[in-house]
Amino acid sequence: MKQCLAALGIALLFFSVAEAQLSSTERAYYQDWLKTAARAELVIDSDRASSAAMEVLRREIADYRERFGNAREDNADRIATLNSQLSALGGAPAEGEIEDADIAALRSSLNEQLNTLRVPRVVSEEAHNRANGLISEIDRIIRKRQTKALMQRGPSPLNPEHWPEAMREISGAVTAIWNETLLRSGSDTTRENLQNKLPLILGLVLAGAMLLLRGRVWAKRVGEYLRQFGSRGSAAWGFVVSVVQVVLPFLGVTLLVQAVSVSGMLGVRGSLLLESVPQWAAILLAFNWLGQQLFVSPSGEALVPLQPGRRAELRLLIELLAVMLVLRDLVVQVDQVENLSSITRSVVAFPIILSTALLLVRLQRIGLQRAKNAALSANKLVRGVRRAAYGFGVLSPVLAAFGYIYAAEAIIYPVVITLFVVSSILIVQRFIGAVYALITGNPEAAKDSLFSVLAGFVLAILALPLLALIWGARIADLTEMWSRFLEGFQLGETQISPSSFLLFALVFAAGYTITRLVQSSLRNSLLPKTRMDLGGQNAIVSGTGYLGIFLAAVVAISWAGLDLSSLAIVAGALSVGIGFGLQTIVSNFVSGIILLVERPISKGDWIEVGGMMGYVRDISVRSTRIETFDRTDVIVPNSDLISGTVTNYTRGNTVGRVIVPVGVAYGSDPRRIEAILLEIAKAHPMVVMNPAPSVVFQGFGADSLDFEIRAILRDVNWVLSVRSEMNFEISRRFEEEGIEIPFAQRDLWIRNPEALNSAKPAGTQPIPSTTFEKPDANDIGDPEGDNDY
């Protein structure tokens, strides 16, 4: 209390000093703010107000904060002008120095104007910060209360002693509602009201019944009529018809509820419950719509790939989950009307929680077929959400059994609603894709287009606030995040806000577009008319691109309000860093520029550098990523590609040569071998005939006659496959022709066989000195076993 009064006194003292510079309207508004802030501090210190009262107080403070936040930027341009004028006058004279009278008068006038303009900004800044602090304290108190209520442990619903009391209280609540309805319907006032409003009531009942019973049929007929004009938009029209099939019955239920309300037959309790009937109908109809749309797919592939026998079960599970949500809301409404005890609340809520958990567990156990189109079915997303639902479905009944009813409800029912929201996002994404396919005339665009993917991403982003509310976030929390987002953040002396970022993006995009247009003009119009070679033209075009992007970034930063004077400090620090430890990085950077300008290698080229062979997948200003044939990524610094030796197998074209070495046994006819190998080479479809393949007799090897097939391939990327297929064909043809492929053989000569004799036991025969000679080629495979050794 004393701190609040002291703060109020300081604020009033400051206000009295600045009162002369504020207008009457600003003065009155600031006085109201001081009173509101002092009241809020008293409420926060006492911590006795209800959460609803604190929410009202928070909204009031938020309005003040928004106005003070806008006032902080008032007169910013005028203040900047005055500061520049004062800077032009130079520094104030030192003590004892005499300044020219005209300059002194001008300096005094400028300072007076500057102080007059600064006071409202200073006051607004102080009030804005104070409002921020008060809002943060209120949010912290409310969140603390919510956490305490969520973790509050009540009586266990599994205790049989609580069941009779709960049954008596529920029976009493139902009896009270019934008796109140009978009493109200039997009164003379109700009869007179029915007589006076009978035509209106009958009209509402008739219209509601027709919409409820025939609305789906009417919507279906309209859809069949629209499909007569073409089958391309069947998916889009089917979605619209399905939505109409939900809206018409909902309107019917609303009209019936309005008829009962107009009749006045229900009492206070019944009227309060009747207000929730349209909400319950909306839940049931929405989940029924979801169960149908999950399996509707003109392309033949549903969002949830299930066997036809399981689809009916899944629809039943979805509709039963909707019933559980309605029953839970019914318990909440009865609790608000009758103020049920904690025992009754736990006993009644537990069966609904348990049933919902069992439905979620069963939902997870339904097996999904493997989807052919993962983008359309979102198979991974569906599986992940189902696993999470299974985990929460097991956890919630356990918490409820131990008395944590509110915690269990805060987990399991948001899971059900989240499943509905995620599934609805997938359905709406499919509808947007169908509309896009209808507009473009491309049926495949409904599931494979980038537009459909971006639409799903946008829908997911838009659904985040809804999911946050479902999981217990307050609307005030979302508005606070949005206001903080709009306010931006401080970066040095500059305030970065979404508006400044948007301005930066627009200016940079414009500069980037202009740069690309200039590059296109240089590449296609100006440079081809010169005598400059193609490499020089590419260098000028690439250099123009880098320069244009740099200038676009500088101009965008300036227009966005960022201070470029700090770049000098950054440049100085970078120069020191480059001088001591960034030589390699700078070398790679320059090498990357050279690679991008001269283009000795390009993406997709098959190269060999430093003993590594693979395909170029990405070229950046620092390094190049190469994918080897065993599917591993190798990051090669650009300086190695510039200073080292690089072999590019596919530069300019993909034509290349394959060499297949073959060895045959001595005694084979070389000309016959040549003819066979040449026939195999010419028969392969990847071998070109101009120049024609050739067979080279390399010479007489240690164990074989060595030949080579040399052929030019249409695509050198298939060299390994071609070599393998030729080897298979060579093996088959040699086996048919009886041509032998030898294996290496060696002579074994023992220098001192007597050393082996001394190690033998007594009575054994000595080993004679023997020399093993290489067998003759004619003796290999001798069936008589008379080989000479």
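The following points describe the fold, the aromatic contacts, the surface and some backbone details of this predicted model.

1. Overall make-up. The protein chain contains 27 helices and ten strands, and of its 789 residues 35% are buried. Among contacts in the protein chain with a separation of 6 or more, 71% are accounted for by residues 24 or more positions apart. The chain exposes about 46400 Å², and 61% of that area is supplied by carbon and sulfur atoms.

2. Aromatic pairs, with a helix α2 to helix α3 example. A search of the whole structure gives 13 aromatic pairs. One of them is formed by tyrosine 29 and phenylalanine 68, whose rings are arranged edge-to-face, with 5.7 Å from centre to centre and 65° between the planes. Because tyrosine 29 belongs to helix α2 (residues 24-46) and phenylalanine 68 to helix α3 (residues 51-71), this pair ties together parts that are 39 residues apart in sequence. Both tyrosine 29 and phenylalanine 68 are buried.

3. A second pair, with another geometry to inspect. Phenylalanine 287 and phenylalanine 420 form an aromatic pair that is stacked, with 4.9 Å between the centres and 20° between the planes. Phenylalanine 287 sits in helix α11 (residues 277-293) and phenylalanine 420 in helix α16 (residues 405-440), and the pair thereby links distant parts of the chain, 133 residues apart. The relative accessible area of phenylalanine 287 is 7%, so this residue counts as buried, the cut-off being under 20%. Phenylalanine 420, with a relative accessible area of 18%, is also buried by that cut-off.

4. Surroundings of tyrosine 29. Tyrosine 29 and phenylalanine 68 also belong to one aromatic cluster, which is formed by Tyr29, Trp33, Tyr64 and Phe68. Arginine 67 lies over the face of tyrosine 29, at 3.9 Å from the ring centre. A reader looking at this region may therefore wish to view the arginine 67 side chain together with the ring of tyrosine 29, since the charge counts as sitting over a ring when CZ of Arg is within 6 Å of the ring centre and within 35 degrees of the ring normal.

5. A nonpolar surface patch. Leu284, Leu316, Leu320, Val323, Leu327 and Leu330 make a nonpolar patch of about 430 Å² on the surface. Helix α12 (residues 308-338) contributes the largest share of this patch, namely five residues. Valine 323 is located in helix α12, and its relative accessibility is 33%, so valine 323 counts as partly exposed.

6. A cis peptide bond. The peptide bond that joins asparagine 690 and proline 691 is cis, with omega at about 0°. Proline 691 lies in a loop, the one between α25 (670-683) and β9 (694-700).

7. Positive phi values outside glycine. Aspartate 47, a residue other than glycine, has a positive phi near 55°. Aspartate 47 is placed in the loop between α2 and α3, and with 41% relative accessibility aspartate 47 counts as partly exposed. Asparagine 339 likewise has a positive phi near 55° and is a residue other than glycine. The loop that holds asparagine 339 runs between α12 and α13 (342-365), and at a relative accessible area of 64% asparagine 339 is exposed.

Methods. Residues are numbered from 1 along each chain as its sequence is written. This is a predicted model: local features need pLDDT of at least 70, side-chain atom pairs count only at pLDDT 80 or more; totals for chains, interfaces and linings use all residues. Side-chain values use heavy atoms; hydrogens and water are left out. Rings of Phe, Tyr and Trp (its six-membered ring) pair if their centres lie within 6.5 Å; planes under 30 degrees apart count as stacked, over 60 as edge-to-face and the rest as tilted. Helices (H or I, at least four residues) and strands (E, at least two) are DSSP runs, numbered from the N terminus. Buried means under 20% relative accessible area, exposed over 50%, partly exposed in between (1.4 Å probe, protein chains only). Patches are made of residues with over 30% relative accessible area and no salt bridge: like charges are joined within 9 Å, nonpolar side chains (Val, Leu, Ile, Met, Phe, Trp, Tyr) within 5 Å. Accessible areas come from the Shrake-Rupley method with a 1.4 Å probe; for residues, only the protein chains shown count as cover. A salt bridge is a side-chain nitrogen of Lys or Arg within 4 Å of a carboxyl oxygen of Asp or Glu. Contact means heavy atoms within 4.5 Å.
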